[in-house]
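Trainee: I should like to request a close look at a single part of this assembly. Please take one contact between two helices of neighbouring chains, and then set it beside the rest of the model.

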Amino acid sequence: MKRILLALAACLAATGAAEAQRADLTLGMQLEPPNLDPTAGAAAAVDEVVYANVFEGLTRFASDGTIVPALAASWEIAPDGLSWVFNLREGATFHDGTAFGAEDVAYSFERAMAEDSTNAQKQLFEGINAVNVIDDVTVEIGLDAPKGDLLFDLAWGDAVIVSPATAETNTTEPVGTGPFKFARWVQGDRVVLERYDNYWGEAAKLERVTFKFISDPTAAFAAMMAGDIDAFPVFPAPENLAQFEADPRFEVIVGSTEGETILALNNAKPPFDNVTVRAAVAHAIDRQAIIDGAMFGYGIPIGSHFAPHHPAYVDLTGLSPYDPEKARELLAEAGLAEGFTARLALPPPAYARRGGEIVASQLRAVGIETEIVNMEWAQWLEQVFANRDYDMTIVSHTEPLDIGIYARDDYYFGRHDPVMQALMEGLGTMTEEADRNDVWRAAQEHVAVDYANVFLFQLAKTGVADARLRGLWANSPTQANDVTQVYWAE
Amino acid sequence: MLGFALTRLVSLGLSLVVASLVIFVAIEVVPGDPAAYMLGMNASPETVAALRSQLGLDAGPVERYLGWTMGMLRGDFGVSYTYRTPVAQMIADRLWVSLPLALYALALSTLIAFPVGIWAAARRGSVADAGVMGATQLGIAVPNFWFAMLLVLVFAVNLRWFSAGGFPGWEEGLFAGLRALTLPAIALALPQASILARVMRSALIETLGEDFVRTARAKGLTRGQALRRHALRNALIPVLTIIGLQFSFLLAGAIIIENVFYLPGLGRLVFEAINKRDLIVVESVVMLLVFAVILVTFLVDLAYAAVDPRLRRR
Amino acid sequence: MRAFACGAAIVLVFVAAAAVSFVWTPYDVGALDIPAKLQPPSAAHWFGTDHFGRDVFSMILVGARVSIAVAFVAVGIGMGLGVPLGLAAAARRGSLLDEAIMRGNDLVFAFPALLIAILITAVLGPSALNAIVAIGIFNVPVFARVTRGAALSLWTRDFVLAARVAGKGRVRISAEHILPNLANLLIVQGTIQFSLGILAEAGLAYVGLGAQPPTPSWGRMLAESQTMIAFAPHLALIPGLAIVLTVLGLNLMGDGLRDLMDPRLKRGRA
């Protein structure tokens, strides 16, 4: 009898040990990437699979948003700021076995900058006039003018290093230098990555990571609940988070993103060309009601186009408190006491569709009738973004530190803003952190005082994970699911 | 007979040309540019133009129409804009989910409908019959996506008998594949089974009234025996026609169900392709589905005409 | 007969609900009350409130209006175009016109309906009107086929032959002798298409292609409540039941009507 018990105990211990060594992970994502090459399109879903896992750049975003070395081990700036020398990692290899070297860096950057380049963030490379190979592990980047944010720009997924041999096939069979190599893509269902054993740095703890694509929020909820999925870093339905929180099997991870969610107003089109009307709209909006109603409480109110977690953030929500009385007065002052009618274009995400219904009802309360027009992204990009045929729209601007868009004449906001242009021009050449932060503050105040748009809230990153998982990113300094440090506890 | 077949063949060809034109024109006027969609908010117009020319979108409409149709005749469906893989390959992959799902649902619906229909027909006019017919009315009235939601809630979230959706792939084994398709197949089969059971029952009752069945009964067969030995075979013709119709419906009509269960099937492929403006995929899949239905109709017409010469004059 | 009465009663309730919603709803369906969101059914809110704190009962009332209007107009389009086409095809049996109409029918049938509806809304933008167009188009061949089939058999009847001998033209015969005799059949088919239209509208609205907010719609209510089914099941159950009941009522009514109008068929149905 005792022997049987011992055997049983041994069995149990064995299964326990097997569990402790669990080295696979299934991660849920709402959107499937159209391809797996981060240099071939704007789809965030591409980076969410391959960034830091499969592909690496010279630098990279760490989980707290700082820029840390990746394929570049170190760098020096010339005294005039016009040349940067990068010392590359030795011993790094691509997953096809070929060695990584300075030639690959030159190839990747020249490809992205080329005339016929289809890199969606080509502007990251603006101002670079030369990429010189000094030796196998040293590369020099020449600039037209000092570029304070070069390291930041090179950390983007669009600036990762690819091998000339595989650049054309990376869309379906990505080959990078990261700790995971591509294993399999079942289109419409999942992408599988496996640990790359010859990785130059610290090896990943997981052996196998499966990214599963579930667009339907209900299906995502059911899949989490049924245990089909171990983590859903950006869970699409905030209304379900309370249930996950109540369930000890799960942990809800709430972090910040770079997404300033705004009610954009077409500044070029009457009546929104009048700052008094824009101010009236801003006072008609109750941010907290939108956060509660559309995001079930997740999100931080913002008063300008800037992320609250950034050191240079200034809280400017006081410039446009919820005050329907004031809004009506401002409308009357602008000669629109009778109110007016405007269209509200809404792209697919829940923050826009749900937020839009709340905005419409709040605007109606001050006499502004809205006509909601729901759109798919393709149509939104053409009609609103490219052709600027819109009155109002709700969208989250997820690029980090993107307040510079208010300086652009060709942008869909329809603004011409010499003040912002001067500020941003000055910023480009500054390398001192303190100086740069002063400019960021001035820019925030300028767009807020001008009521350029109605600034709603900073999008939260709300994820769900198995409570035993460790090492997932809480925040989202860039759109990525870095699983290189993820492991199972116990 | 040959003449009849030839005229029908000509009209089949004409139908296909008309269909391809309709599809192409409809998709031409859809607002939204695939290249702009792929490059997102920060891309410059020059970059978008470079991608458009890479994708072959800068050619004129006539040129693109001819390129598309001529390619299809050769079996070349083009290359997906967003996935950058051959469309024919994508369709083939998705058919490995959609086709088994349609067959599974059809099998389920037939397995339910036959006994229910026969059972109700044999008890025509009884309370049991009325109850069964009421239940089938309910089955027809339930929207299948709603039924699917309830199935997921009960069997995947609460009982955890099945996974909530997704498809592991056939290489994981026949059982794993069938398991993943079970809930979707049930959701699809419920209304179909209800319709089929009703058709089965009325067809049986109809034939039970025919002379040859009455004769059989006069010879001393019970109602049940007459039904099984004589009526059933004759009732199969309308039933099979309905099954044929249901099959083509199931193949293309599972879009919503494929979304609820996130199955990588043909319907979801097109749905997502429309949203991503991957127009070449939309064109080719719709054309293929239309071709399949037209071809089946043509073959059925031929078969009927072969059996019943009177129809050839129609 | 009992089926007809049952069905008609259910349908009447929903038509009445839709009619009442024009003059009165317990709450304004456009008014949001976010602090009062997701309440279960109570005396104040008979069917509870949704994720914006809107009154679900009021939304069901107005939603009935949308569903019924969409399905009704879609049937109108189908009849308005399909019946004349069917009559024309029957009047010119075997002609090129007949062949063209029938092949055109087959062609429309060959297109996957939901896909085309999605395409139509991708072109024209989602709205209740475009949902009507999408559903209406697919009603046309149904009515054309049914009309042609029945009209063909009428053309061989004695009273039609008599009219032809009297020198009446094909158009006049179709209008004066054929059409009146098709009325029963068309009413029955219309009821069936009506119920299919309600289901189709719900499906389109469910994928976001029906009536747009703030107009309530049963299908969209289902879609929006899906993620809350586990903690606010009333939000998913109530619109679903509304759809099921309406469709059931219409189907029972259709079957009942068929039996009432054509007793010969009665032996085949319950």
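Mentor: What follows begins with one helix pair and then turns to confidence, to another interface and to a strand arrangement.

The model is a predicted one, with an ipTM of 0.82 and a pTM of 0.83. The part chosen is the contact of helix α12 (residues 266-275) of chain B with helix α4 (residues 113-124) of chain C. Two packed helices are described by the angle between their axes and the distance between the axes. Here the axes come within 11 Å and cross at roughly 5°. Because angles under 35 degrees count as roughly parallel, α12(B) is roughly parallel to α4(C). From α12(B), the residues that take part are B:Val270, B:Phe271 and B:Ile274. They meet C:Leu115, C:Ile118, C:Leu119 and C:Ala122 in α4(C). By class, the residues of this contact divide into seven nonpolar, no polar and no charged.

The confidence of the chain C partner deserves attention when this contact is read. Chain C averages a pLDDT of 87, and 96% of its residues score at least 70. Among the elements of chain C, however, α4(C) has the lowest mean pLDDT, 78, whereas helix α2 (residues 56-91) of chain C has the highest, 93. Elsewhere in chain C, pLDDT stays under 50 over residues 265-270. For that stretch the model has 15 contacts beyond four places in sequence. Where pLDDT is low, the predicted coordinates should not be read in detail.

Chain C also touches chain A: 17 residues of chain A are in contact with 17 residues of chain C. On the chain A side, α5 (217-225), α8 (287-295), α10 (350-365) and β15 (368-374) each supply at least two residues. The most comes from α10(A), with four residues. The side of chain A that touches chain C divides into eight nonpolar, six polar and three charged residues, while the contact of α12(B) with α4(C) has no polar and no charged residues.

Within chain A, strand β16 (residues 392-397) pairs with two strands. Six bridges join β16(A) to strand β12 (residues 250-265) of chain A, and these two run antiparallel. A:Leu265 stands opposite A:Met392 in β16(A). Two bridges join β16(A) to strand β14 (residues 340-346) of chain A, and this pair runs parallel. There, the bridge partner of A:Ala345 is A:Thr393 in β16(A). Thus β16(A) is joined to β12(A) in antiparallel fashion and to β14(A) in parallel fashion.

Terms used
Residues numbered from 1 in each chain as written. Chains lettered and ligands numbered in written order. Predicted model: local features only at pLDDT ≥ 70, side-chain atom pairs only at ≥ 80, totals over all residues. Contact = placed C-beta atoms within 7 Å. Nonpolar A, V, L, I, M, F, W, Y, C, P; charged D, E, K, R; others polar. Axes fitted to C-alpha atoms, helices over the stretch in contact; angles between N-to-C directions. Parallel < 35°, antiparallel > 145°, perpendicular 65-115°, else oblique. Pairing = 2+ DSSP bridges. pLDDT = per-residue confidence, 0-100.
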